Structures are given as C-alpha cells and as structure tokens.
Amino acid sequence: MPDVVASMKRFEPELILTGALLLVVVADATGARWRDVASRILTIGGLALALVRSVELRGGSAQVFGGMAVIDPLASFFEALLIGASLLVVLAFTFRNSRELHGLGQGEFYSLMLAVTLSNILLATANDLAMLYLALEMVSITSYVMVAYMKGDRMSNEASLKYILFGAVSTGAMLYGLSFLYGLTGTTSLPAIREFLAAGVTDSNRFAIYAIALLVFAGFGFKTATVPFHFWCPDVYQGAPTPVTAFLSVAPKAAGFAIMMRFFYTGLAVPRTGPWDLAGTIDWVRVLMVVSVLTMTVGNVAALTQTNMKRLLAYSSIAHAGYIMMGVVALSQNGARALMIYLLAYLFMNLGAFLVVTLVHLHDGTFDLRDYPGLYRRSPLLTVAMAIFLLSLMGIPPLVGFMGKLYVFAAIIERGPAYFWFAAVGAVNAAIAAYYYARVLKTMVIDTAPVEKPPFRLAFPDAAWVWILLLGNVLPLVWWARIDGWARTSLSLYAGP
Amino acid sequence: MSAEAAVFYLFAAITVFSGGVVVLARSLIYSAFALLFTFFGVAGLYVLLGADFLAATQLLIYVGGILVLLLFGVMLTHKLYDLDLRSEVTQFLPGIIVAAGLFAILSAIGLRTRWAVGPGRPPSVTTAEIGRLFMSQYLLPFEAASILLLVALMGAAMIVRRRRDA
Amino acid sequence: MMVGLSHYLVVSSALFSLGILGILTRRNAVNVLMGVELVLNSANLNLVAFSRFGSGNLQGQLFAVFVIVIAAAEVAVALAIVLTLYRLRRTPNLDETDILRG
C-alpha cells in the first residue's frame, strides 16, 4: 500500500489526465448546449496542468507501481514532449479551422485526445512487458478510433480498416516475441530481463533471441512507421482527418521511439557497463543501420512523385523516422540525445506543415499540390510560414530542423570511419528530400494559378498559431544552450534497483 | 499413455483442427463456429496447465464476448436472406508456404531453445493469487486497462452510431 | 511420454502459423480478424505454458489476462469499422478497398 501511495505522487500528470478524461466524458454525456466548449476547456486545462506538474516533478529515478513503470529523467523528457504535442495539436487545430471535422462530435474527440496522451506516456514509461504491450495497444486502439472519426467518409473508413488490421497483425507478432522473451528469462520485468541476458546467451538460445528481436521489432516498427512496417502510413495519413494525421505523425511516433530506446537500452543492455553495450548476440548495429537506410530511402523516393499533400507529408514522415533511427544506430549517449533533439524539432516542423495544409483545405477545399499555385499572392503569411517549415524539414540552418540533423549526423560520425558510409547515405537522402520540399515551395511561390482566386483572410487564432509554430522553428536557436542542457540531463535511464 | 497425455492430445487436436477450419473453410459461419471450438480447446489446455482462472476468463470473454461479437459482425455484413456467406481465399500458395515455414521455424526454436528453468508451477488454484496481484503489483495495468475499455467502447459506439445532428 | 513444455510450444506455433495463413489469404475482413485472434491465442498459450513449466511465477498468466482484455477492445473497434465499411460499400471484402492508392 505505501508503495502505491508513493507511486501516485510521482504519477500526478497521468492522474490529472485521467481526471480530465473522465470529466470530459461526463460533460459530453450531459447533452447540454455548453458541452463542446466545456470539453475543450477541460482538455486544454487538463493538458496544461499535466504539463506544468510534469515539469515540476522531474528528476529522480525510481520504479513505480511495483515495477510496472519507471520515472526517470528520460521519462520526464518524453512526458513533457508528449503532453506538449497533444496540447499544441488541440490548440492549433480546432473544429472550426478543420473542415474535415465540421459537424462531428467534439466531446468524444477531446476524450480520445486525452486518452491517447495518457497512453503515450504509459508507453514511454513502461518497465514491464505486460505494461509495454498494454500501453502499446492503448495507443494503437485510441488511434484507430481517431482515424475512423469521419465515419461517413469512405477514405477515413478505409484508412482506419487498413490501420487496424495491419496494427493488429504487427502487435500480435510482437506479442508472440514477448512471450518467447518471458519464456527465455522467466520474468516480464525489463531490468530483470537485462540481468538475465547479460549473464550470457548460449548457442542454443541464439535463434530464440533472433526470433524475439525480429518479432518485437514488428511492433516497434509499426508504431514508428519504419520499413518494412510502414505500409499503413500513407493511406492512414491521407484518410484520417488532418488534425489526427498531424498528431499521429509526431506523438505516437515519439512514444514508439521512447519505448524502443528503453527496451533496447534497459532490457538488452549489459548492466554495470552502462546502457550502451547491448547483449552482444546480434550485430544490432548492422541491422538497425539497414532499417534506417531503407526507411529514409523508401520515404524520400516515394515522396518525389506525390501530389496529395497529406501523402507527401506521410512519406516525408517515414523518411524522418529513418533519420531518427540514425540516433538509435549510434548507440551512444550522443545518439540518444540526438534522437531526443530531433523529435523535439520534428514536432514543430511537422505540426507547422500540417497546419498550413489544413488551413489551405479550409479555404480552398483541396489537398492537392496542383491547386497550390499562386498561394503566395493570396496569403503571404501562410506561404512564408510554409517556406520556413519546409526549409526546416530539409534541414537548412539556422532552423530547428537543421539542429536535429546536425546532432544526428554528429553522433554517427563520431562513432568512427566504419559509420561514414552511413552518414553519407543520410546526406544523399537529405538532398533527395530537398527536391520535393523545394517543389512544394516553388509551386506556392512561383507558379501562377490558371484561375485567379480571392485572397485568404486567416482568422486571428489561426494566424496566431501559424506564427507560434513558425517561431518554434526559428527561435530555439537563441536558447540552444538551455535546450541542449535539458536534453543532456534527461539522458539518464533508470538502470535497475 | 497417461490420462493427462490423452487429454492433452485431445484438446490439442481440437484446437489445431478447428484452427485449420477457421482459416480454410469456405463459409464464414463454419469459420465462426470452428473458432468457437478453437477457443474451447485453448481453454482446455489452460486447465491442463493449471490456469483455472484464465480458462474461465477465456470462456467468458473470448467465447461469451468476442465470438458473439464476431458472429454479429458476420451476420450484419451479409444480407440475411442471401445465405451466401462465402468467403474467398486469395494467393493461397504463397500464404501456405509462409505459414509452413513459420511453423517449422517456430517449432524448431521451441524445441531447441533452453528455456528458463525454474521450479515450475504445479497446478493449483490461482484465482486468489491473481486477485491479490491485481491489487498490488499489477495495479497500474489493471487501472490502465479499465481506461482502455472505456475509451474503446466509447469509440466503437461513436463509429457505429448514425450521424447525429451537430 | 510426459507432456512437457515442448508439446505446448508446438501447438502454439501451429496456431500462430494458422493465424498468419488466415491473415494472408482471406479477403473478408472478419475472417482476417479471426486470424488475428488465433495469433493472440497462440501467444497466450505460450505465456501460460512458460508460467507452468519454467518460471513458476504467475506473471505469464497475468500477462495473458491482459491480452484477452485488449483483444476484446480491439475486436469491438475493428467490428465497428467493418460495419461502417459495409454500410458505405455493401461489401466486407478487402480487395475492393482501393480508393487510397497513389
């Protein structure tokens, strides 16, 4: 009992989110006229409060709730990132500025947002196989529902069907792998698993470990949309309502990388020598490198021919997951830090791009790039903002996207000459990506529309959020030392009792 | 052959054979009922493994809940008077090669690997212990699962509900 | 011969393979779901068998209980989506879902 009470104190953000979730459900159930406004206020308030408490409570390293979850600086970092992402999405994308969501129920949407945020946090802090699987499925199931939100729309329905079937298979395979891991080590607790594996892996167990890694990676690959588990991504991103797509592209992906890091570094690392030496049964590095290269390349090459903005950004997302994996490949303190910084940068770049796409859809009703010419004349703010977001995605200094890529490349290169070819592939990919980002930019700025369309008037809140995300891409450079410091101090993973 | 072995082979046969019917049968209804037998077979195996609470849960939830839901799904997605309920199979050959390969590999791993050796757990009543664990060590997943169920059911109901006037 | 861990593992790998076969070859979405259930059951069988013969703790069984709960939630949402698919298109077949292509 005392353990539970002590754990709850550290779990305040999650409890706040749960409370907000229940309040929103109740508010929505009343059927009163004010329930939509109330839901929105409760959600924003809940997320903001959780974020504040999460930042205040950070520090310290301990297992909570009987070893099911772990609160350490890394967990606090990801908590802040994940709650922040949800907060940004809820604030910037509203039912008013997203044409796809017009007329749909608001209460359910907000309760889903709160639930998925809670699930993301549980995933990032999971310390036990059962908790890991439960949290993973919680994130997935709430995402399936959110993708299916436009229930009258064929594309949304088809997208959610593909998503759920693909997801169920991937996580089912992962579960089989986790069951093998339990059988091999006799425990479902990650620190205990690590202890067991570090004692040495015999030849007879080697194949089991290979199979486990493969199966488990099916689940992680699905969540982070890396090759070859990325097939659901373009269809789902295209079919889902754009705010949901924007959210999916940043938050569950970040949570997926967090748990991937934790699983490999806590579960499979050799104790007492730090988290960066993995139980040397497989050449993890080579495998992860191949995955990273394939992911980047597939994403970038496929994006070259896209004309649907949502699909284009989907493939761009896949490619970025490849870059983020470079941080995983580096298998070092710097690599993990690069991963965290990249995710932070990616949040602002991607949300910005999706916000612009949503606003264009609001005014013009189209997601097709071929309808984008002449945008510069009609809304200079939107075009300039999109330019900043695209340049950031490309990795052009001094934008935040450049910092992300810089860290990742630095982490790889400092590992030695054996990694140089890998960095080179990354650089080539960035160049390929620049082509399609530039193509969007060119269409918006230089191309002229065949038919003159009236200029946009952006509503004040929309313009405000465009500005905020824009500054989010530009300003971090000013406070870079603090951000870097924050990432550094967050880098201690709970290493066991 | 001991009684235990006989019962094991019986349930194993029920499970695997029904599983085959689920996957290969022409008619969806046959698949659904075969699934019923698969779940029963697995529950029987659970009992043999000493997981009494789990076996009961399997029957209650899988058979009583999930299977019924699947049957509803089958019924609601076909016109009732058109008893066609045929379910087609595509790309059978690659599928069966993959499946056979998987079976071979996974069985080999299962047989060859030195799994964790421990005291084992002779069959005993597990319910009380499981209940205790839910309230102590597994409290967090227990509560999280309840949130999951709330949200999943709300979501499923929302998806299926006819569009209401906003 | 004493029934041991290996027997159960073979049964579960058979179930897993059958489930994958169903997922790969079936056109009807509900049938694919049945395949997924087979896969989940096979993993559960593993967990319980390992609990019985290996570690001696109940962690495997507890894990299996949660898997059952998750499966229930998943099936509920999946069927809701399939039902909507049928309402919009009059077919539960997967081959005919091809609007999203590009």
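These are my notebook entries on a predicted model, covering chain A, one helix of chain C, and two interfaces.

**Entry 1: chain A overall**

I started with secondary structure. I found 20 helices and 2 strands in chain A. Next I looked up the radius of gyration. Chain A comes out at 22 Å, and the globule rule gives 23 Å for 497 residues, so chain A is as compact as a globular protein of that length. I then took the box along the principal axes. The C-alpha atoms of chain A fill roughly 70 × 60 × 45 Å.

I also checked burial. Of the 497 residues in chain A, 62% are buried. For contacts, I kept pairs in chain A at least 6 apart in sequence. Of these, 79% join residues at least 24 apart.

**Entry 2: helix α2 of chain C**

I picked out α2(C), which runs over residues 29-55 and has 27 residues. From first C-alpha to last, the helix reaches 38 Å. That is close to the 39 Å expected at 1.5 Å a residue.

Is α2(C) enclosed or exposed? I counted 27 of its 27 residues as buried, so α2(C) is largely enclosed by the rest of the structure. I looked at what comes just after the helix. There, Gly56(C) takes a positive phi of about 80 degrees.

**Entry 3: chain B against chain C**

I listed the contacts between these two chains. On the chain B side there are 71 residues, and they touch 63 residues of chain C. I asked which elements of chain B give two or more residues to this side. They are α1 (3-24), α2 (28-48), α3 (52-76), α4 (92-112), α5 (127-135) and α6 (139-160). The most comes from α3(B), with 12 residues. By residue class, I get 46 nonpolar, 21 polar and 4 charged on the side of chain B that touches chain C.

**Entry 4: chain A against chain C**

I repeated the lookup for chain A. Here 36 residues of chain A are in contact with 34 residues of chain C. Three helices of chain A each supply at least two residues to this side: α6 (129-147), α7 (154-185) and α10 (232-239). Which of them gives the most? I found α7(A) on top, with 18 residues. The classes on the side of chain A that touches chain C are 18 nonpolar, 12 polar and 6 charged.

**Entry 5: recap**

I note two helices to revisit. On the side of chain B that touches chain C, α3(B) gives the most. On the side of chain A that touches chain C, α7(A) does.

Terms used. Residues numbered from 1 in each chain as written. Chains lettered and ligands numbered in written order. Predicted model: local features only at pLDDT ≥ 70, side-chain atom pairs only at ≥ 80, totals over all residues. Helix = DSSP H or I, 4+ residues; strand = E, 2+ residues; numbered from the N terminus. Expected span 1.5 Å × (residues − 1). Buried ≥ 20, exposed ≤ 12 C-beta atoms within 10 Å, placed from the backbone. Rg over C-alpha atoms; globule rule 2.2 N^0.38 Å. Contact = placed C-beta atoms within 7 Å. Nonpolar A, V, L, I, M, F, W, Y, C, P; charged D, E, K, R; others polar.
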